[in-house]
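Open your viewer, switch on a cartoon with side chains as sticks, and follow along one selection at a time.

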Amino acid sequence: MRDGNADFAVVAVLADEEGVRAYLDHPEHVRVVETRVKPIVATRSAVQMAIAD
């Protein structure tokens, strides 16, 4: 809606930092990023945050 903002976002809710590492390093995730995401993305931003219960 505003110039310069992202066109889309992906949200993953994971239990802990170990889960984040497992998700990011999983071979299927890596394959999808390499074959489907990188070819169509000009720039990328990432944010990780811990949400307290």
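**Stop one: the charged pairs**

There are three salt bridges in the structure, a salt bridge being a side-chain nitrogen of Lys or Arg within 4 Å of a carboxyl oxygen of Asp or Glu. Before you start clicking: this is a predicted model, where local features need pLDDT of at least 70, side-chain atom pairs count only at pLDDT 80 or more, and totals for chains, interfaces and linings use all residues. Residues are numbered from 1 along each chain as its sequence is written, and side-chain values use heavy atoms, with hydrogens and water left out.

Select glutamate 17 and arginine 21. They form a salt bridge, with 4.0 Å between the closest N and O atoms. Both sit in helix H1 (residues 17–25), four residues apart, which is about one turn of the helix. (Helices are DSSP runs of H or I, at least four residues, and strands are runs of E, at least two, numbered from the N terminus.) Is glutamate 17 buried or exposed? At 61% relative accessibility, glutamate 17 is exposed, while arginine 21 is partly exposed at 46%. The cut-offs: buried is under 20% relative accessible area, exposed is over 50%, and partly exposed is in between, using a 1.4 Å probe and protein chains only.

Next, pick arginine 31 and glutamate 28. The closest N and O atoms of this salt bridge are 2.7 Å apart. The two residues are three apart in helix H2 (residues 27–37), so about one helical turn separates them. Arginine 31 is partly exposed, at 41%, and glutamate 28 is partly exposed too, at 39%.

With arginine 31 still selected, add valine 13. These two are 18 residues apart in sequence, and their C-alpha atoms are 20 Å apart in space.

Now go to glutamate 34 and lysine 38, a salt bridge with its closest N and O atoms at 2.9 Å. Glutamate 34 has a relative accessible area of 41%, so it is partly exposed.

**Stop two: a greasy patch**

Select Phe8, Val10, Leu14, Tyr23 and Leu24 and turn on the surface. Together they make a nonpolar surface patch of about 490 Å². Patches take residues with over 30% relative accessible area and no salt bridge, joining like charges within 9 Å and nonpolar side chains (Val, Leu, Ile, Met, Phe, Trp, Tyr) within 5 Å. The areas come from the Shrake-Rupley method with a 1.4 Å probe, and for residues only the protein chains shown count as cover. Zoom in on valine 10: it lies in the segment before H1 and is exposed, at 66% relative accessibility.

**Stop three: the largest pocket**

Keep valine 10 and add Ser45, Ala46, Val47 and Gln48. Of the 35 residues lining the largest pocket, these five lie nearest its centre. On a 1 Å grid over the protein atoms alone, a pocket is an open set of points where a 1.4 Å probe fits, with protein on both sides within 12 Å along at least five of seven lines; lining residues have an atom within 4 Å of a point.

Which helix supplies the largest share of the lining? H2 does, with six residues. By class, the lining has 24 nonpolar, five polar and six charged residues.

**Last stop: past H2**

Finish on isoleucine 40, in the segment after H2. Isoleucine 40 is exposed, at 68% relative accessibility. Add proline 27, 13 residues away along the chain: the two C-alpha atoms are 20 Å apart.

Notes:
Nonpolar A, V, L, I, M, F, W, Y, C, P; charged D, E, K, R; others polar.
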